[in-house]
Amino acid sequence: MTQEVATPELADSEPADNELQAQRAALKSEYKELAWQGLWKNNPGLVQLLGLCPLLAVTATVTNALGLGLATLLVLIGSNATVSLIRHWVPKEIRIPIFVLIIAAFVTCVQLLMNAFTYGLYQALGIFLPLIVTNCAIIGRAEAYASKNPLAQASFDGLMMGIGFMLILVVLGAIREVLGQGTLFDGIELLLGDWASGLRIQVLNLDNQFLLAILPPGAFIAMGFLIAIKNAIDSKIAERQPKPEEKAIERVRVNFDAS
Amino acid sequence: MRKAIEKNARILALFAIACTATVGLVNELTKGKIARQEQAQLLKTLHDIIDPEIVNNDLYQSCLLVTDELLGNNEPHTVYLAKHDEKPVAAAITTTAPDGYSGNIELIVALNYDGTVSGVRTLKHQETPGLGDKVEIKKSDWITSFTDKLVTADNQHQWAVSKDGGMFDQFTGATITPRAVVKAVKNTALYFQQHKAELFSRTDSCRENL
C-alpha cells in the first residue's frame with residue numbers, strides 16, 4: 001500500500017499485481033482453512049462422526065488402523081480429484097450414482113492392490129476394506145466440496161480429511177492396543193514389510209488381555225473420551241481468546257418527570 | 001424431457017464403462033501377484049505343519065478335493081499330499097469345525113502317514129477376541145498341543161478338553177471353541193486313517209478344475 005503512494009508511475013500495473021497477490025493470499029488462506037477443517041475443526045472422525053463402522057471395528061491395533069486409514073486416504077484423494085475433474089460434465093440429477101461409481105471403482109482398485117502387496121493386512125482387514133465404499137466421509141466430501149471446487153483444492157481437501165480420519169484411527173488403535181495387549185505396532189510388518197518388525201514395542205506386560213479394550217464397546221468408550229478431550233481443548237481455546245467486547249448499550253434515560 | 005433422460009443415461013453408461021475398465025485393468029495387473037501371494041501363504045502354512053525336510057514333492061500341486069461327513073460338513077475339502085520320492089509321508093487336510101462359538105472354524109490338519117498328528121493350524125474363525133481366538137497360533141501355542149498325538153480305538157475318550165475328562169486344556173472363559181477344535185481334529189484323524197491308502201492312490205488334482 002505504501003508503495004502505491006511512493007511510486008505513482010507504476011500505478012498502471014499495480015491493480016493486476018494486487019489482484020494476483022490478493023488471489024494468492026486468498027488461495028493460501030483457503031488451503032490453511034482446508035487443513036484446519038480436515039485435521040481439527042471438522043475432523044471426519046471426531047466431529048462429523050462419519051465412517052464410525054470401520055473406525056470402531058478395525059482399530060484394535062495400530063497396524064489395522066494405519067492400514068485402513070491409508071486405504072481410506074487413497075480413496076478419498078482419488079475420488080475427490082476425479083469428482084472435481086468431471087464436475088462440469090456431470091448433470092446434477094445423476095451426480096450421486098456417478099460419485100458412487102467412482103468411489104466404488106477406487107475402493108476396488110485399492111482393495112486389489114492391497115491384496116497383491118500387503119496380503120497379510122488384507123486378510124486382517126477383511127470386510128472393512130470393501131466397506132470403505134459406504135464410508136459417508138468420502139461421498140460427503142465429494143458432494144460437499146469436490147464437486148464445486150477446482151482439482152488442486154479438492155485433492156488437498158481429500159488429503160487433509162483423509163489424514164484427519166487416519167490420525168483418529170491411529171490414536172484410537174494405539175489406545176486400544178496398549179490397553180488390550182500391552183503392545184504397540186504389533187504386526188506392522190504386514191503393512192510395511194519385514195524391516196518394520198523391529199518397530200513392535202512391548203509397552204506393558206499383561207498376563208491377560210484386557211478384553212474391553214479389544215472388543216467394539218472399548219472402541220466406543222475410547223472414542224467418547226477422545227471427543228470429550230477435543231471439546232475440552234476447543235473450549236479452553238475459546239476461553240483464552242479475547243472476547244469481542246460487548247458494547248455496553250448506554251441507556252438513554254428518558255425520565256420526563258425529573259425535568 | 002426425453003432428451004435429458006437419454007443424455008443422462010448416456011453419461012451414466014460412459015462412466016460405468018470407464019470405471020469397469022479401470023477396475024478390470026487393475027485386476028489384470030494384480031492377478032498374478034495375488035495368486036502368488038495366496039500360494040506363498042498356503043505353502044508357508046503347510047511347511048509349518050509338515051516338516052519340509054522330509055517332503056520333496058510339490059505340495060501346492062499335489063492336492064485333491066474330498067467330501068466326507070467326518071470333515072465337518074458336506075463341502076468339498078482340500079487334501080495336500082506330501083511324498084518323499086513318491087512314497088507317502090503325510091497329508092494336510094482342510095477341515096471345518098461346525099460347532100464353534102460363533103460359526104465355523106476352518107482348520108488345516110496335517111497327519112503323518114502312521115496316523116499321528118503332525119500339526120494343526122486355524123485358517124479362519126470368528127471366535128471372541130481375547131477368549132476363543134487362542135486357537136490362532138499368533139495368540140497362543142495351544143494349537144500345537146495336538147502335535148504327535150494319535151487317535152486309536154482305545155483313547156477316543158481322551159480326545160476331549162480336560163473339563164470333559166480329556167487330555168487337552170480348555171482356555172479360561174472358553175470351552176466351546178477348544179471342544180469344537182478337538183472334535184474336528186479327532187474326526188479328521190479318523191478320516192485319514194480310514195482313507196489314507198485311497199487318498200494316496202488317487203491321481204486327480206484339484207488344480208485341474210481351476
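Which domains does the domain assignment of chain B give? The assignment yields domain 1 (1-49) and domain 2 (52-209), with bounds taken from an automatic or database domain assignment. The structure is a predicted model, in which local features need pLDDT of at least 70, side-chain atom pairs count only at pLDDT 80 or more, and totals for chains, interfaces and linings use all residues. Residues are numbered from 1 along each chain as its sequence is written, and chains are lettered from A and ligands numbered from 1 in the order in which they are written.

The model scores ipTM 0.70 and pTM 0.74. For chain B the mean pLDDT (the predictor's confidence in each residue, from 0 to 100) is 88, and 99% of its residues reach 70 or more.

In chain B, five strands form an open antiparallel sheet in the order 1-2-3-4-5. Strands (E, at least two residues) and helices (H or I, at least four residues) are DSSP runs numbered from the N terminus, and two strands pair if DSSP finds at least two bridges between them. Strand 1 (63-66) and strand 5 (117-124) of chain B are the edge strands, each pairing on one side only. Strand 3 (residues 87-100) and strand 4 (residues 103-112) of chain B are joined by nine bridges; T95(B) has L107(B) in strand 4 as its bridge partner.

Eight residues of domain 1 of chain B are in contact (C-beta atoms, placed from the backbone, within 7 Å) with eleven residues of domain 2 of chain B. The C-alpha centres of domain 1 and domain 2 of chain B lie 35 Å apart.

Technical notes. Two residues are in contact if their C-beta atoms, placed from the backbone, lie within 7 Å.
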